[in-house]
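Visitor: I have a free hour and a new model to look at. Could you walk me through it, starting with a single side chain?

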Amino acid sequence: MSINPVVINLIIWLPFVLVILPAIIKWCIRGYKDGLVQALLGLSATIIAGIASIFFANLLATIFAPVVKGWIGSVDAKGMVAFIIGDGLRAELSLLLYSVIISFLPNLLKWIYKKYLSHIKEKSDKKVMKFAGLGVSLVDCVVFALLFTIPIYGSLAIYSPAIKNIIGGNNFIVETVLKEEQKANALDTIDVINTHPLVVVASTKMSRSLYGSLSKNSIGKEHTTIEDNVNAISDVIAVVQKIAENPETITEEDLNKIIDVISNNPGMVTFFSTSGGQELIDNLKQTLDNSDMPKEGKKKICAIINEIEEKVNSANDTQENAN
């Protein structure tokens with residue numbers, strides 16, 4: 001049974017509406033009362049607060065991630081859970097801290113502005129300036145709501161296209177979980193999400209940049225973002241799917257893609273090694289042995305599979321030393 005697209009749209013709008021309505025009631029009244037100049041100062045306070053929130057969220061996440069990781073280090077987790085509470089922990093903390101900081105910092109800056117800059121006003125108290133202040137304050141509310149909901153809509157903009165690629169590619173893993181009707185409903189739901197106005201805004205270059213700066217994962221001296229890792233997982237699953245469907249079509253390019261994923265996305269090491277990475281390598285070797293591929297081709301592919309295994313082991317060793 002599929003969910004009505006109208007219901008999905010309303011659910012996606014809900015966080016934005018819950019944020020913007022209180023802001024409109026408070027800031028638009030003040031904007032009309034204080035006029036254009038004060039409204040412009042209020043808008044600048046919101047923008048500065050958004051930038052500062054990202055900075056402080058990143059700073060605090062970097063400080064506290066090792067501490068929190070130490071607290072939960074004894075948890076025996078696998079796959080994505082291991083990644084989230086391990087290498088992905090800094091990104092998760094940063095997004096959480098950002099939500100906390102952005103909830104109060106704009107109001108704090110506006111209070112400071114009002115206390116020390118309230119004397120800066122228009123020379124005229126004409127109605128037109130009051131309505132101009134109201135209009136700027138409305139823009140201020142929209143900007144604040146968009147900034148506040150970056151973690152929500154940024155995540156939707158990153159995850160939903162990747163999930164669509166995985167589900168829509170006739171993935172053998174998905175087919176063991178979803179029936180054809182369920183798969184079709186899931187794809188329809190993702191299409192509704194991807195075309196939602198707020199998700200489209202979150203998919204723009206500027207929004208992705210803001211989300212990316214919050215969702216960095218630190219592995220030693222290297223950094224990746226949540227988007228990097230989501231795309232990497234999608235690439236690996238696509239190669240595994242191709243191998244499972246027709247082992248005879250394995251190419252050096254396919255396997256080199258897995259090597260690139262491991263080499264260029266250090267945050268994937270935990271995910272790959274705790275999500276059956278060695279089992280995947282063993283299956284590749286067995287598939288290769290059982291295939292009718294020419295001997296010379298087998299030799300080349302086998303060399304690449306061995307390189308994948310070495311990359312995983314080397315990346316694991318590097319990560320352990322960094323920790």
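**Bridges, helices and cores**

Visitor: What is the relative accessible area of K114?

Guide: K114 counts as partly exposed, a class lying between buried (under 20% relative accessible area) and exposed (over 50%), using a 1.4 Å probe and protein chains only. This is a predicted model, with local features needing pLDDT of at least 70 and side-chain atom pairs pLDDT 80 or more, while totals for chains, interfaces and linings use all residues. Residues are numbered from 1 along each chain as its sequence is written, and side-chain values use heavy atoms, leaving out hydrogens and water. For K114, the value is 41%.

Visitor: Which residue forms a salt bridge with K114?

Guide: A salt bridge here is a side-chain nitrogen of Lys or Arg within 4 Å of a carboxyl oxygen of Asp or Glu. K114 has such a pairing, with the closest N and O atoms 3.4 Å apart. The partner sits in helix α1 and K114 in helix α4, so the bridge ties together parts 80 residues apart in sequence. That partner, buried at a relative accessible area of 13%, is D34.

Visitor: How far apart are the closest N and O atoms in the salt bridge of D140 with K110?

Guide: The structure holds two salt bridges, and D140 with K110 is one of them. This pair links helix α5, home of D140, to helix α4, home of K110, across 30 residues. D140 and K110 are both buried, and their closest N and O atoms are separated by 2.5 Å.

Visitor: Which residues does S137 touch, leaving out those up to four places away in sequence?

Guide: S137 lies in helix α5; helices (H or I, at least four residues) and strands (E, at least two) are DSSP runs numbered from the N terminus. With a relative accessible area of 4%, S137 is buried. Contact means heavy atoms within 4.5 Å, and by that rule S137 touches W27, C28, G31 and A39.

Visitor: Within what arc do the buried residues of α10 fall?

Guide: In helix α10 (residues 205–214), the buried residues are S207, Y211, G212 and L214. Because they fall within one arc when seen down the axis, they line one face of the helix; the arc is that of the directions from the helix axis to the C-beta atoms. K205 and M206, on the other side of α10, are exposed. The arc is 160 degrees.

Visitor: Which element gives the largest share of the largest nonpolar core?

Guide: A nonpolar core is a set of buried Ala, Val, Leu, Ile, Met, Phe, Trp, Tyr and Cys residues joined through side-chain atoms within 4.5 Å. The largest has 38 residues, and Y98, Y153 and L214 have the most contacts inside it. Elements giving two or more residues to this core include α2, α5 (127–148) and α10. The largest share, eight residues, comes from α1.

Visitor: How much accessible area does the nonpolar surface patch that includes F56 have together?

Guide: F56, in helix α2 (residues 36–71), is partly exposed at 39% relative accessibility. Such patches are made of residues with over 30% relative accessible area and no salt bridge, joining nonpolar side chains (Val, Leu, Ile, Met, Phe, Trp, Tyr) within 5 Å and like charges within 9 Å. Areas come from the Shrake-Rupley method with a 1.4 Å probe; for residues, only the protein chains shown count as cover. Together, F55, F56, L59, I63, F64, V67 and W71 have about 750 Å².
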